[in-house]
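Work through the exercises below with the sequence and the model side by side. Each task is followed by a solution in steps.

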Amino acid sequence: MPLFRVNRPGKERRFFKEGFDTMRKVFACLLILALSLTVASAAFAVTKVGVMTGTTSQGEEEYQAAQEMIRKYPGRIIHVTYPDKFMDEQETTIQQILSMAADPDVKAIALVQGVPGTAAAIDKVKEIRPDMFFINIVPHEDPMLSAQKADLVLETDNPKRGVTIVELAHRMGAKTFVHISFPRHMSYPLLSERRDIMKAECEKRGMEWVFVNAPDPTGDAGIAGAQQFILEDVPRQVEKYGKDTAFFSTNCGMQEPLIRSVLTTGAIYPEQCCPSPYHGYPGALGIEIPEGKAGDVAFILDAITEKVVAGGGAGRFATWKIPINMAFTYASVEYGFDLADGKIKGVDIEHMKALLTKHAGNAQFSTYNNVATGEKADNFLLVVGESIIFGGK
């Protein structure tokens, strides 16, 4: 047997040709498979909506609304939070919004709330994702700036609430109205306008107007310091002005201690900064919401009524029958999906009204119109809901 095999040239050429043909067929099959997978993945890619809320310290209601949307739309919601001290950490807020926009499947972003830094973040996102649709909810920045940067803006009708809150407090027996806030909030045009309207409405009804300057929860004392101030100051104000004193605060983090203090002192609480049966009441009154009752508005209204009446506050506590910021969140997420799925195009105010009516029930709508300055924004939707007085008429 020979030690070496001598290949024949013709056979060698046939071997390489057959091998090359085989490799070419394999490569073609792999390419077809890769293209098929790409097309399939594109066909089955899910669109997503980004949601930014506060933490449970700054806005538990909004945070829980986002969590509910995550459960309802698994794998389709990107949720981030802005920092508690958002005034000092605006860059963090901007980075959080940019992180959502970095996902190419995210087609719309709902900002609950539109804290300072939002306008700058929208600008940065639009540079790389001009198609991104933004819904700014409860904007902290200038109203017209917010309307110019975001595609849609949602907010409670604060100027109108300047009338309705005082009117409700007066109907509940208030002779004095205590407005609690701080310079940062009073620099917001809509909040300062509401304050001025409230003051004028008090004068019209013969009610004494009192403005209390509280610590800013984003300041050095933090949320804990602001809450402690409420617990200490409310009894002082009731001692000075009597039990027929209505209290209103512009800050979410102050609502629980305010409700607790007002109930203890026998005073009046007409409405939260963000009116909702879920805002402040469950924590302040020690109401546990069973898993099966989450989102059951009738259940929470009955539970609050029971606690308020038992605490001697019947007819002196109220809120809206709807959780407005939760409704804003639900409606905005659904709007984002409808937009991404091609059911609507761009800004559709009537579609947003329909979604808000679905989640908020009987509500009144208007668009931003500053009579004093003449500024208008058709994409800035304002909402007022219906009130309920616990244990009263």
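**Exercise 1.** Which element gives the largest share of the lining of the largest cavity?

*Solution.* The model is predicted, so local features need pLDDT of at least 70, side-chain atom pairs count only at pLDDT 80 or more, and totals for chains, interfaces and linings use all residues. Residues are numbered from 1 along each chain as its sequence is written, and side-chain values use heavy atoms, with hydrogens and water left out.

Step 1. Fix the term: on a 1 Å grid over the protein atoms alone, a cavity is a set of points where a 1.4 Å probe fits but cannot get out, and lining residues have an atom within 4 Å of a point.

Step 2. List the elements that give two or more residues to this lining: strands E4 (133-139) and E5 (152-156), and helices H6 (158-171), H7 (183-186) and H8 (189-204). Helices (H or I, at least four residues) and strands (E, at least two) are DSSP runs, numbered from the N terminus.

Step 3. H8 gives the largest share, 4 residues.

**Exercise 2.** Describe the space and the lining of the largest cavity.

*Solution.* Step 1. The largest cavity holds about 300 Å³ of space; a volume is the space filled by probe spheres set on the points, which are joined across faces, edges and corners.

Step 2. It is lined by 26 residues, and Gln113, Val138, His140, His185 and Thr250 are the closest to its centre.

Step 3. Sorted by class, the lining has 12 nonpolar, 9 polar and 5 charged residues. Ala, Val, Leu, Ile, Met, Phe, Trp, Tyr, Cys and Pro count as nonpolar, Asp, Glu, Lys and Arg as charged, and the others, Gly among them, as polar.

**Exercise 3.** How many cavities of 30 Å³ or more are there, and what lines the second largest cavity?

*Solution.* Step 1. The count is 2.

Step 2. The second largest cavity has about 30 Å³ of space.

Step 3. Its lining consists of Gly59, Glu60, Glu61, Glu62, Cys252, Cys274, His279 and Asn325. Helix H2 (residues 56-72) gives the most, with 4 residues.

Step 4. By class, this lining has 2 nonpolar, 3 polar and 3 charged residues.

**Exercise 4.** Over which residues does pLDDT stay under 50?

*Solution.* Step 1. pLDDT is the predictor's confidence in each residue, from 0 to 100. The chain averages 89, and 88% of the residues score at least 70.

Step 2. The value stays under 50 over residues 1-8 and over residues 30-43.

Step 3. Check contacts (heavy atoms within 4.5 Å). Beyond four places in sequence, the model has 0 for residues 1-8 and 0 for residues 30-43.

Technical notes: 1 Å grid on protein atoms, 1.4 Å probe; cavity = no way out; pocket = protein on both sides within 12 Å on 5 of 7 lines; lining within 4 Å.
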